[in-house]
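What follows is a walk through the structure, taking each chain in turn and then the contact that joins them.

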Amino acid sequence: MNPADALTPILDIPDEEVAIRLRGVGNRFGPIVIHEHLDLDVLRGETIGIVGGSGTGKSVLMRAIIGLRPPSEGKVTVLGHDVWSDDPAERKALDARWGVMFQDGALFSNLTVRENVMVPLTEHTDLPPKLRLEVADLKILMAGLPPSSADKLPSELSGGMRKRAALARAIALDPDILFLDEPTAGLDPITAGKFDALVNELKETLGLTVFLITHDLDTLRDACDRVAALAEGRVIAIGPLDHLREHATGWLSEYFGGPRGRAALG
Amino acid sequence: MPEQEAQFAIDRSGPAPILRVTGDWTIHTIGLIDAELRPVRDLVEDRPAIVDVSGLMDLDTAGAYVIEKALHSSVDEPAHMIGNHPVAGRMLAEVRKFTTGCDAQPEPVAMWRQLLERVGRGMTQVYEESIDTIGFFGETVVACGKAIAKPSRVRWLPTFAVAESAGLNAVPIVMTLSFFIGAVIAFLGKTILQDFGASVFTIELVGFAILREFGVLITAIILAGRSDSSFTAQIGSMKMTQEIDAMRILGMNPMEMLVVPRVIALLVMFPILTFLAMIAGIAGGAIVTMLTLDISPTLFFNRLNDNVGVDQFWAGMGKAPVFAFIIAIIGCRQGLNVESDVISLGQRTTASVVQALFMVIVVEAIFALIYMELGI
């Protein structure tokens, strides 16, 4: 079966084509079950958009994948390495291979934008200081920020610029996978559109796999190769946006068929 | 896959120099080669330069940046690329757009100028802080006056909450420390006064020291550290999450909601804590004098009553509301001055405790002068 057409999570893709593989993942907070037997494959080089109502655990899922919160059960494999393995070498192999842009940017508030971008460079590379500064500036410019913003503190930036600064830090090491948690939330439509274009451009240039959590239907349309819908604790449907819309049932048809969905997707 | 060392060679046999790059040029490998490549940047001047990527393996944007920089390549005058590579063409073209902007380093400022600037900024800050504090003091007095005129407007729930956390919960620490200070004073008095054969005056020493100075001072110091930091942190984080703005919009006055309850709570609790501190301090002194000087409790309290008197108690107690007011308004003011970043929260909390301690000691000295003039 061609992955592009599948509506349910497909399970027979060879390992080397998969960037992120989730098998039987469960997450619960006490008695509240967020995910149960969740399977998902993210292919290398694709942009996957994760949608789902509020409280369906999109961010929880991301935190389980990037090693911040252990899943209650199941296996998370990223680029062939088990994220939650007891072997520290497995985890170390993934260091510096992913970049994460958190919902509110999570920039270090006591560092300037340039210093923020330099943090991963200082931690993971042995670049000479001069080159480190230049590479940091390069990433800042690539993220679409003006050079003058490099010396500013995060608190001096607008929301959109903060997101770009967070993106610059996320791509500092040219990661294989980029995680974006609601990158366009709170941005005006023009800025959001530019951000989508920027993500596409970076993905093309850097050959990234992008894991994108969003509520923004425009972003789904413009930036995502495939869309995975979370509901009832698992991935209820996955596939290209158009394909998903044609076969939408239940929550998904409400999601796409509502006035906002129709307005955005036509 | 192990990384291949990044290497380069310059071929000047042709009409234009050719930069041949081999191996992996990624952010992890270029650190070693950058120093070698940097002088070459100025050698490859006779453009158009050419880069040969046929031996190139892995390439990322940082590697592409170093190559483009060495070739002095720009969008107007792009370097030529020969050889085949899956991503090099696209990567070099993408990075080329930005190479000119990356040299804009901040201009270094001379050391002496930095020093002068900091001194100047510090001076104006002290001035502005003083003006602000006085302004805030006035604002608080007005808000408290309104509260007195119309007690129904006072928010009693937060007032009691603050009274509990800042007052009641501080009782054990205030009493314990006072007890020990009382004991230490008694030991000191006994040791020194024994030389004059006047060790019985230890009782008067304990009485004067605890009632007049230490009971209230220890309470003030503990509350300055304990409550001021928490006032500043509480109000400061509310400021950071825009809760204060929300209050203003909803027509609630932050002075009335946050400052007045804290001032009232401390004004009530501070004298009570001071009273308890005095009791504990006297108890500490009494136990030490009784055990080391064989003085009976009756004698101790008789001498305390006759020679120290209730005046000293009121002299100490009289300072309590003043200290309470100082501590409450400094904590609240610093909290309201927190900005939206974490550093300022830390700075303000520190400033709050330091200013409160400073003011407590200064006012204590002023009181000492006043009492001396009054002959108390």
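**Chain A: a helix across a sheet**

Helix α1 of chain A, residues 58-65, lies across three strands of chain A, namely β1 (18-29), β2 and β4, and its direction makes an angle of about 120° with β1(A). The model is a predicted one.

The strands under discussion belong to an open sheet of four strands in chain A, in the order β2-β1-β4-β5, and the pairing is antiparallel. Because β2 (32-43) and β5 (81-82) of chain A each have a single partner strand, they stand at the edges, and one side of each is left without a neighbour in the sheet. At the β5 end, β4(A), which covers residues 73-78, pairs with β5(A) over two bridges in the antiparallel sense. There, A:T77 is found opposite A:D82 of β5(A).

Chain A as a whole has 10 helices and 10 strands. Its length is 266 residues, and 45% of these count as buried. Taking the contacts in chain A between residues at least 6 apart in sequence, 66% join residues at least 24 apart.

**Chain A: covered helices**

Elsewhere in chain A, helix α5 (residues 159-170) can be checked for regular geometry. With 12 residues at 1.5 Å a residue, α5 of chain A should span 16 Å, and its end C-alpha atoms are 17 Å apart, so the two values agree.

How much of α5(A) is buried? The helix is mostly covered, with 10 of its 12 residues buried. These are A:M161, A:R162, A:K163, A:R164, A:A165, A:A166, A:L167, A:A168, A:R169 and A:A170. The elements of chain A that cover the buried residues of α5(A) include the strands β6 (98-101) and β7 (177-181), together with the helices α3 (113-124), α4 and α6.

Helix α3(A) has buried residues of its own: A:V113, A:R114, A:N116, A:V117, A:M118, A:P120 and A:L121. Their cover includes α4 and α5 of chain A. Thus α5(A) has α3(A) and α4(A) among its covering elements, while α3(A) has α4(A) and α5(A) among its own.

**Chain B: strands**

Chain B has 376 residues, of which 38% count as buried. Its secondary structure comes to 12 helices and four strands. Of the contacts in chain B with a separation of 6 or more, 82% are between residues 24 or more positions apart.

The strands can be followed in order of number. β1(B), residues 7-11, pairs with β2(B), residues 18-25, in the antiparallel sense over five bridges. Between β1(B) and β2(B) runs a hairpin connection of six residues. One bridge of this pair sets B:F8 against B:V21 in β2(B).

The next pair is parallel: β2(B) and β3(B), the latter covering residues 50-59, are joined by six bridges. Here B:G23 has B:L56 in β3(B) as its bridge partner. β3(B) in turn runs parallel to β4(B), residues 80-82, and three bridges join them. In this pair, B:D52 is bridged to B:I82 of β4(B).

**Chain B: two packed helices**

Two packed helices are described by the angle between their axes and the distance between the axes. For α6(B), residues 171-194, and α7(B), residues 202-240, the axes come within 9 Å and cross at roughly 145°. The crossing of α6(B) past α7(B) is right-handed.

Which residues of α6(B) and α7(B) meet? From α6(B), the residues are B:I173, B:V174, B:L177, B:S178, B:I181, B:G182, B:I185, B:A186, B:G189, B:K190 and B:L193. From α7(B), they are B:T202, B:L205, B:V206, B:A209, B:I210, B:F214, B:G215, B:I218, B:T219 and B:I222. By class, the contact of α6(B) with α7(B) has 14 nonpolar, six polar and one charged residues.

**Where the chains touch**

The contact of the two chains takes 23 residues from chain A and 24 residues from chain B. On the chain A side, the elements that give two or more residues are α4 (129-142) and α6 (189-206) of chain A. The most comes from α4(A), with eight residues. By class, this side of chain A has 12 nonpolar, six polar and five charged residues. Both α4(A) and α6(A) also appear among the elements that cover the buried residues of α5(A).

Note on methods. Residues are numbered from 1 along each chain as its sequence is written. Chains are lettered from A and ligands numbered from 1 in the order in which they are written. This is a predicted model: local features need pLDDT of at least 70, side-chain atom pairs count only at pLDDT 80 or more; totals for chains, interfaces and linings use all residues. Two strands pair if DSSP finds at least two bridges between them. Two residues are in contact if their C-beta atoms, placed from the backbone, lie within 7 Å. Axes are lines fitted to C-alpha atoms, for helices over the stretch in contact, and angles run from 0 to 180 degrees between N-to-C directions. A residue is buried if 20 or more other C-beta atoms lie within 10 Å of its own, exposed if 12 or fewer, and partly exposed in between; C-beta atoms are placed from the backbone. Ala, Val, Leu, Ile, Met, Phe, Trp, Tyr, Cys and Pro count as nonpolar, Asp, Glu, Lys and Arg as charged, and the others, Gly among them, as polar. A crossing is left-handed if the near helix is turned anticlockwise from the far one by less than a right angle, and right-handed if clockwise. The expected span of a helix is 1.5 Å times one less than its number of residues.
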